[in-house]
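Welcome! Take a moment to turn the structure around on your screen, and then we will walk through it together.

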Amino acid sequence: MKVIADISVIPIGVGVSLSKYVAACEKVLRDTGLDVSLHANGTNIEGDWDTVFTAVKRCHEVVHAMGAPRVSTTIRVGTRTDREQTMADKMKSVKKRLDSA
């Protein structure tokens, strides 16, 4: 099953600056070959369900290995059965409506 997920991986107990952990997780996601889009509060991921969730698990493993005693991840997931839709398709649909408004 194809999924579009929005995740925010938060290491806990490592101080205030989190960018090195975000970068490490982002590298994990990109190395999977999934379609990944970093944004200000997380990352959008598009791909096969099992591959996406395996990648999220790997992010936890990597962030723990960097010294984070706790990791909390928020995940929003969307799937469709009526047709295939990509993240780019969703963006185009909204932009088209904005342009015609």
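Helix H2 is followed by Gly67, a residue whose phi is positive, near 110°. This is a predicted model, and the helix that comes before Gly67 is a good place to begin the tour.

H2 covers residues 49-65. Its 17 residues should span 24 Å at 1.5 Å a residue, and the end C-alpha atoms are 25 Å apart, which agrees. At the other end from Gly67, where H2 starts, a side-chain oxygen of Asp48 comes to within 3.2 Å of the backbone nitrogen of Asp50.

Now look along H2 and ask which of its residues are buried. They are Val52, Ala55, Val56, Cys59, Val62 and Val63. Because these residues cover an arc of only 125° around the axis, they lie on the same side of H2. The face turned away from that buried side carries Asp50, Thr54, Lys57 and Ala65, which are exposed. And what covers the buried residues of H2? The cover includes strand S1 (2-12), helix H1 (19-31), strand S3 (42-48) and strand S4 (70-78).

From here we can step into the interior. The largest nonpolar core has 20 residues, and the ones with the most contacts inside it are Ile7, Leu29, Leu34, Ile45 and Val52. S1, H1 and H2 are the elements that give two or more residues to this core. H2 supplies the largest share of it, six residues. Leu29 makes a good example to click on. Leaving aside neighbours within four places in sequence, Leu29 is in contact with Ile7, Leu34, Val36, Thr43, Ile45, Ala55 and Cys59. Of these, Ala55 and Cys59 are among the buried residues of H2 that we met above.

Next, move to Lys2, which has its place in strand S1. Is Lys2 buried, exposed or partly exposed? At 31% relative accessibility, Lys2 counts as partly exposed, because buried means under 20% and exposed means over 50%. Its side chain makes a polar contact of 3.2 Å with the side chain of Glu46. Not counting residues up to four places away in sequence, Lys2 touches Glu46, Gly47, Asp48, Gly78, Thr79, Glu84, Gln85 and Thr86. Lys2 and Trp49 are 47 residues apart in sequence, yet 5.6 Å separates their C-alpha atoms in space.

That kind of pairing across the sequence leads to the chain as a whole. Among contacts between residues at least 6 apart in sequence, 71% join residues at least 24 apart. The protein chain has three helices and four strands, and from the N terminus on they run β-α-β-β-α-β-α. Its C-alpha atoms fill a box of roughly 50 × 30 × 20 Å, taken along the principal axes. Of the 101 residues in the chain, 30% are buried. The chain exposes about 6700 Å², and carbon and sulfur atoms supply 53% of that area.

We finish with helix H3, residues 87-100. From its first C-alpha to its last, H3 reaches 21 Å, close to the 20 Å expected for its 14 residues at 1.5 Å a residue. How many of these 14 residues are buried? The count is one, and H3 is hardly covered. For a last look, set H3 beside H2, whose buried residues lie on the same side of the helix.

Key: Residues are numbered from 1 along each chain as its sequence is written. This is a predicted model: local features need pLDDT of at least 70, side-chain atom pairs count only at pLDDT 80 or more; totals for chains, interfaces and linings use all residues. Side-chain values use heavy atoms; hydrogens and water are left out. The expected span of a helix is 1.5 Å times one less than its number of residues. Buried means under 20% relative accessible area, exposed over 50%, partly exposed in between (1.4 Å probe, protein chains only). The arc is that of the directions from the helix axis to the C-beta atoms. Contact means heavy atoms within 4.5 Å. A polar contact is a pair of N or O atoms within 3.5 Å; within protein, one must be able to donate a hydrogen and the other to accept it, and residues adjacent in sequence count only if both atoms are side-chain atoms. A nonpolar core is a set of buried Ala, Val, Leu, Ile, Met, Phe, Trp, Tyr and Cys residues joined through side-chain atoms within 4.5 Å. Accessible areas come from the Shrake-Rupley method with a 1.4 Å probe; for residues, only the protein chains shown count as cover.
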